[in-house]
Amino acid sequence: MSYQMSTRKNLCLRQHFDTKKTAVVVTYCKRGRRLIKIKGCLIELVEQVILRCKAYEPIPLLCRHRFAGVDMWIRVKGDGHTSQIYAMRQSIAKAPVTSYQKYVDEHVTTDTF
């Protein structure tokens with residue numbers, strides 16, 4: 001479930017909710033410098049290497065140019081570390097897609113008609 005938080009000219013902020021088992025993730029996605037922060041720390045600082053690789057997986061799959069101008073802040077609560085990482089992974093994949101659909105595709109379709 002995603003919805004629009006602010007529609008000011010320069011700020012395109014999307015809030016995306018996602019769940020996996022009982023882990024709940026809230027991802028704030030806005031224009032920026034390609035920063036992805038999980039609980040206030042950069043994604044590169046996730047402690048366990050295997051779980052860090054799992055959190056990175058959506059970025060090459062969606063192509064890096066989709067993440068080029070996007071900042072994401074991710075909050076996660078509930079369940080264990082593994083379920084939290086899988087919920088974050090799902091949210092990292094969905095948040096840029098929904099914001100791209102809202103702000104880029106919407107402007108292209110309104111300009112053509």
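Start with helix H4, which gives the most to the lining of the largest pocket: 4 residues. This is a predicted model. Keep H4 highlighted as you go.

**Stop 1: the largest pocket**

Select residues 81-112 to show H4, then add strand S5 at 41-42. Each of these two elements supplies at least two residues of the pocket's lining. The pocket has a volume of about 340 Å³. In total, 13 residues line the pocket. To find the centre, select Lys 39, Val 46, Glu 47, His 81 and Ile 85, the lining residues closest to it. Now colour the lining by residue type. You should get 8 nonpolar, 3 polar and 2 charged residues. Rolling a probe the size of a water molecule over the atoms shows where empty space is left.

**Stop 2: a salt-bridge network**

How many salt bridges does the structure hold? There are 3. Two of them meet at Glu 57, so select that residue next. Glu 57 sits in the loop between helix H1 (49-56) and helix H2 (58-61).

Show the side chain of Lys 54. Lys 54 and Glu 57 form a salt bridge, at 3.5 Å from N to O. Then show Arg 89, in helix H4. Its side chain meets Glu 57 in another salt bridge, this one at 2.7 Å from N to O. Arg 89 and Glu 57 are 32 residues apart in sequence, so their pairing ties separate parts of the chain together. With partners shared, Lys 54, Glu 57 and Arg 89 join into one network.

Turn on the surface here. Is this network buried or partly exposed? Glu 57 is partly exposed, with a relative accessible area of 29%. Lys 54 is also partly exposed, at 25%. Arg 89 counts as partly exposed too, at 24%.

**Stop 3: Asp 18 and Lys 94**

Move along H4 to Lys 94. Which residue does Lys 94 pair with in a salt bridge? The partner is Asp 18, and the closest N and O atoms are 4.0 Å apart. Asp 18 belongs to strand S2 (residues 13-20). This bridge links distant parts of the chain, with the two residues 76 positions apart.

Compare how the two partners sit. Lys 94 is partly exposed, with a relative accessible area of 35%. Asp 18 has a value of 9%, so it is buried, the cut-off being under 20%.

Now select what surrounds Asp 18. Leaving out residues up to four places away in sequence, Asp 18 touches Ala 23, Val 24, Val 25, Gln 90, Ser 91 and Lys 94. Keep Ser 91 on screen for the next stops.

**Stop 4: Phe 17**

Select Phe 17, found in strand S2. It is partly exposed, with a relative accessible area of 28%. Draw a distance from its C-alpha atom to that of Ser 91. You should read 7.4 Å, although the two residues are 74 positions apart along the chain.

**Stop 5: Thr 27**

Next, select strand S3 at residues 23-31 and pick out Thr 27 within it. Hide the surface to see this residue. Thr 27 has 0% relative accessibility, so it counts as buried.

Which side chain makes a polar contact with that of Thr 27? It is Ser 91, at 2.3 Å. Now show the wider set of contacts. Residues up to four places away aside, Thr 27 touches Arg 14, Gln 15, His 16, Met 72, Trp 73, Ile 74, Ser 91 and Ala 95.

**Stop 6: two backbone turns of note**

Finish in the loops, with phi angles. Most residues other than glycine have a negative phi, and most peptide bonds are trans.

Select Lys 21, in the loop between S2 and S3. Its phi is near 55°, a positive value in a residue other than glycine. Lys 21 counts as exposed, at 72% relative accessibility.

Then select Arg 34, in the loop between S3 and strand S4 (36-38). Here phi is near 65°, again positive in a residue other than glycine. Arg 34 counts as partly exposed, at 41% relative accessibility.

Key:
Residues numbered from 1 in each chain as written. Predicted model: local features only at pLDDT ≥ 70, side-chain atom pairs only at ≥ 80, totals over all residues. Heavy atoms only, no water. Buried < 20%, exposed > 50% of the residue type's maximum accessible area, 1.4 Å probe, protein only. Polar contact = N/O pair within 3.5 Å; in protein donor to acceptor, adjacent residues only side chain to side chain. Contact = heavy atoms within 4.5 Å. 1 Å grid on protein atoms, 1.4 Å probe; cavity = no way out; pocket = protein on both sides within 12 Å on 5 of 7 lines; lining within 4 Å. Points joined across faces, edges and corners; volume = space filled by probe spheres on them. Nonpolar A, V, L, I, M, F, W, Y, C, P; charged D, E, K, R; others polar.
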